[in-house]
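Thanks for coming. I have one structure to go through today, and I will take the core, the sheet and the metal site in turn. Please have a look at it on the screen.

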Amino acid sequence: MNRNQVLPQVELSPEPRALKRVDFCAPQSYKGAGFLSIADMPRVSEEASANLPGDGFDWNVQTHFEESPGSEPHQILELGLKGRLHLICQRCLQDCAIDLEENRRFILMNTEAEADAYPIEDEEQEPLVVNPHFNLLETIEDEVLLSLPLIPKHPDGFCEPHATTFGDGQAEELENERENPFNILKNMKKN
Ligand SMILES: [Zn+2]
């Protein structure tokens, strides 16, 4: 008998507060979707260089049970994320919009030991240790943080390097070097 057909499916509240406490040990599956602003995610908020209208992430979550021969059915959680935040462009040092779209799949575990024993080479899904008052908001926030580019940048050709990326002194030196050829020309004409 398929467990998903017997167990009730519970609708997750889109309220950020409600996501902080989800019972993943209850005999039920979940489905839900909502939007989290940057302010709803304090650690993402710390990374963001600006919080502009529309910044934030649409999320959707769905869990189901998968039969596994010889053991209890596995609970699977699928998480989809799509949204935008602003980071400092490492080329021009201005705010830069970063669009992210991620889909993750987790296999839910009850203990750290079970998660540690899970084959690390499984690239399709990763273990996630849950409990009856699991903070799903933190998991969503973790996934946003993990998706951030290491070196955020505008698309190529969109912006110019900021002078201070060379250091103040060196930037002045570059200016002087640029003037030098003209000085040389002037001197040549005088002779
Ligand atoms: Zn830039």
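Let me begin with the largest nonpolar core, which has 34 residues; Phe24, Leu85 and Leu136 are the members that touch the most others. Keep in mind that this is a predicted model. As for where the core comes from, at least two residues each are supplied by strand 2 (29-36), strand 3 (56-68), strand 4 (71-88), strand 5 (95-109) and helix 4 (136-147).

What does phenylalanine 24 touch, leaving aside residues up to four places away in sequence? Its contacts are Tyr30, Thr63, Gln75, Leu77, Leu108, Val130, Asn131, Pro132, Phe134 and Leu136. There is also a second core, separate from that one, with 5 residues, including Ile76, Ile107, Met109 and Tyr118.

Now the sheet. It is open, with 6 strands in the order 1-2-3-4-5-6, and the pairing is mixed. Strand 1 (9-11) and strand 6 (126-129) are the edge strands; each has a single partner strand, so one side of each has no neighbour in the sheet. From one strand to the next, the twist averages 25°.

Within the sheet, strand 3 and strand 4 run antiparallel and are joined by 12 bridges. One residue pair to pick out here is serine 68, whose bridge partner is serine 71 in strand 4.

Helix 4 lies across strand 2, strand 3, strand 4, strand 5 and strand 6. Relative to strand 5, helix 4 runs at about 130°.

Last, the metal site. Which atoms coordinate the zinc ion? They are SG of Cys89, SG of Cys92, ND1 of His154 and SG of Cys159, at 2.0 to 2.3 Å. The 4 donor atoms subtend angles of 106 to 115° around the zinc ion, and the arrangement is therefore tetrahedral. Along the sequence, the spacing of the donor residues is C-x2-C-x61-H-x4-C. Distant parts of the chain are linked by one pair of these: cysteine 92 sits in the loop between strand 4 and strand 5, and histidine 154 sits in the loop between helix 4 and helix 5 (168-190), 62 residues apart.

Are these two residues buried or exposed? Cysteine 92 has 7% relative accessibility and so counts as buried. Histidine 154, at 11% relative accessibility, counts as buried too. The cut-off for buried is under 20%.

That is what I had. I can take questions now.

Key
Residues are numbered from 1 along each chain as its sequence is written. This is a predicted model: local features need pLDDT of at least 70, side-chain atom pairs count only at pLDDT 80 or more; totals for chains, interfaces and linings use all residues. Side-chain values use heavy atoms; hydrogens and water are left out. A nonpolar core is a set of buried Ala, Val, Leu, Ile, Met, Phe, Trp, Tyr and Cys residues joined through side-chain atoms within 4.5 Å. Buried means under 20% relative accessible area, exposed over 50%, partly exposed in between (1.4 Å probe, protein chains only). Helices (H or I, at least four residues) and strands (E, at least two) are DSSP runs, numbered from the N terminus. Contact means heavy atoms within 4.5 Å. Two strands pair if DSSP finds at least two bridges between them. Axes are lines fitted to C-alpha atoms, for helices over the stretch in contact, and angles run from 0 to 180 degrees between N-to-C directions. Donors are N, O and S atoms within 2.8 Å of the metal (3.2 Å for Na, K and Ca); water is not among the atoms, so sites may look incomplete. Four donors count as tetrahedral if all angles lie between 85 and 135 degrees; four count as square planar and six as octahedral if opposite donors are over 155 degrees apart and all others between 65 and 115; anything else is irregular.
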